[in-house]
Amino acid sequence: ACFLLCYLANSNQKVKDTLLAGGASLWKSLLEVLKDHLASEVDGNDGSEDEEILLELNLPDGSGGSDSLSAPLRAMQLREAELLLEAMQALPFEARVQVTACTTLRRLALLAMSAVATPDTGRPSSAQCLALVQRLPRGMANTAQAMKQHERSDEVQRAAVLALQALTRLCSSLEGEDVAIQRVVDLETVPILARALRNYPEDPQMQERGLDVLRLLSTRRDAVTQQLCRDETFVPAVVEAMNLNISKPKIQEYGLSLLAEVGWQGVEQQRVVLSQLGVETVVRALKAFPNSGDVQTVGLAAVQAITSDNEECRVKFFSLCEILEIVLQAMGNFPLLEGVQAFGCAALISLAHSRSERVGALADLNGASMAESAMVGHPKSQRVLEFAEHLMEILRKG
């Protein structure tokens, strides 16, 4: 009944107006159905039902009079995703409907990703998850629309950001990163996500999921990074989120990745990072998670990106900490991680650039030995070989 009500509302403007004019009692009844039957944590439907539903409907004939046409409506067993998406569109301004729908869409997306990751477990395919997969573009579009229409609702923003991240990852798993990225970009969600990060810096879950989506977009699309850089509040929002969530390694990892992308945009953006205390944030993250390969990889990338052709930023790093020792320690701790070795060598090249005293200090710390170890450990990595050879050349020249 709820599905039929929403379906008709989305098919006919007069029905939609009637639904919206029905007041709280109508949409609250719909909300109760959604909560009672869709929001449970256990997906108990194994997809075995194939019961057909036959309804005899009296539909308006479109003439504006009182006459109606009788028509049968056949539908296979109703799936969660169908009702969720119809309800989101039928009642776009009802925050509680949007929250419940986004929460359940996220649960279905996570279940679908689990099934994709472990296809040989013998677990039966969930019809609910399959229904979502078939309607994935619409699910992402509805979630983005919920964020746009409820920008002042904490609940909707949080549920929608979490849902969008799960749906984006599911899309990436099924259709590839390029398709997922293009879909998110086409939905114009980049400024919405950036605004959510700015408005809710103390919400760890929202920060982690939102930063994850922006990181994915930024690392693959330079145009996205440029769009983010045009927003003067973006870098301060990332720095604040990292500082408020220093104990969360994923937030540090995603934040460092974004700061690296910003730094690679050139001197002007490096100065923005510097002025917003981004260098201090990078150092703090590297020190906080010395045993996390993921954090160290993007942290060293951020060091290289921020200091590239920028003496002011180099001086800042040296004034804050023993930055050469931090880089060398990371390379020593993770000899088998190509990213750490490549970005470590690149960071050392940038930090020691054109300063004999820094080159001497690096030589005293056995920088050449570390570069040789990187080459031996990764003989087939072009970027490791390139950066390590360049570093060794700088050390030879002194």
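# A tour by selection

Begin by selecting helix 11 and helix 14, where Pro204, Gln207, Glu208, Leu211, Asp212, Leu214, Arg215, Ser218 and Thr219 of helix 11 meet Lys250, Ile251, Tyr254, Gly255, Ser257, Leu258 and Glu261 of helix 14. Sorted by character, the residues of this contact are six nonpolar, five polar and five charged. Keep in mind from here on that this is a predicted model.

With both helices still selected, turn to their axes: helix 11 runs over residues 204-220 and helix 14 over residues 249-263, and the two axes come within 9 Å and cross at roughly 35°. The hand of this crossing is left-handed.

Next, select Trp264 and Phe343, and ask how many aromatic pairs the structure holds. There is one aromatic pair, and its members are Trp264 and Phe343, which count as tilted because their planes stand at 35°, with the ring centres 6.2 Å apart. The pair links distant parts of the chain, since Trp264 is in the loop between helix 14 and helix 15 (267-275) while Phe343 belongs to helix 20, 79 residues apart.

Is each ring buried or exposed? Trp264 has a relative accessibility of 37%, so this residue counts as partly exposed, whereas Phe343 has a relative accessible area of 18% and is therefore buried. Add Arg383 to the selection, and you will find this residue lying over the face of Phe343, at 5.3 Å from the ring centre.

Move on to helix 19, which spans residues 323-333, and colour its buried residues, namely Ile323, Leu324, Ile326, Val327, Leu328, Ala330 and Met331. What covers these buried residues? The cover includes helix 16 (278-288), helix 17 (293-307) and helix 18 (311-320), together with helix 20 (338-351), helix 21 (356-364) and helix 22 (367-377).

From that cover, pick out helix 16 and select Glu280, which has its place there. With a relative accessibility of 18%, Glu280 falls under the 20% limit and so counts as buried. Leaving aside residues up to four places away in sequence, Glu280 touches Lys316 and Leu320.

For the last stop, select Asn310, found in the loop between helix 17 and helix 18. Asn310 has a relative accessible area of 5% and is therefore buried. Show its surroundings, again without residues up to four places away in sequence, and Asn310 is seen to touch Val267, Gln270 and Arg271.

Notes. Residues numbered from 1 in each chain as written. Predicted model: local features only at pLDDT ≥ 70, side-chain atom pairs only at ≥ 80, totals over all residues. Heavy atoms only, no water. Axes fitted to C-alpha atoms, helices over the stretch in contact; angles between N-to-C directions. Helix = DSSP H or I, 4+ residues; strand = E, 2+ residues; numbered from the N terminus. Left-handed = near helix turned anticlockwise from the far one by under 90°. Contact = heavy atoms within 4.5 Å. Nonpolar A, V, L, I, M, F, W, Y, C, P; charged D, E, K, R; others polar. Buried < 20%, exposed > 50% of the residue type's maximum accessible area, 1.4 Å probe, protein only. Phe/Tyr/Trp six-rings, centres within 6.5 Å; stacked < 30°, edge-to-face > 60°. Lys NZ or Arg CZ within 6 Å of the ring centre and 35° of its normal.
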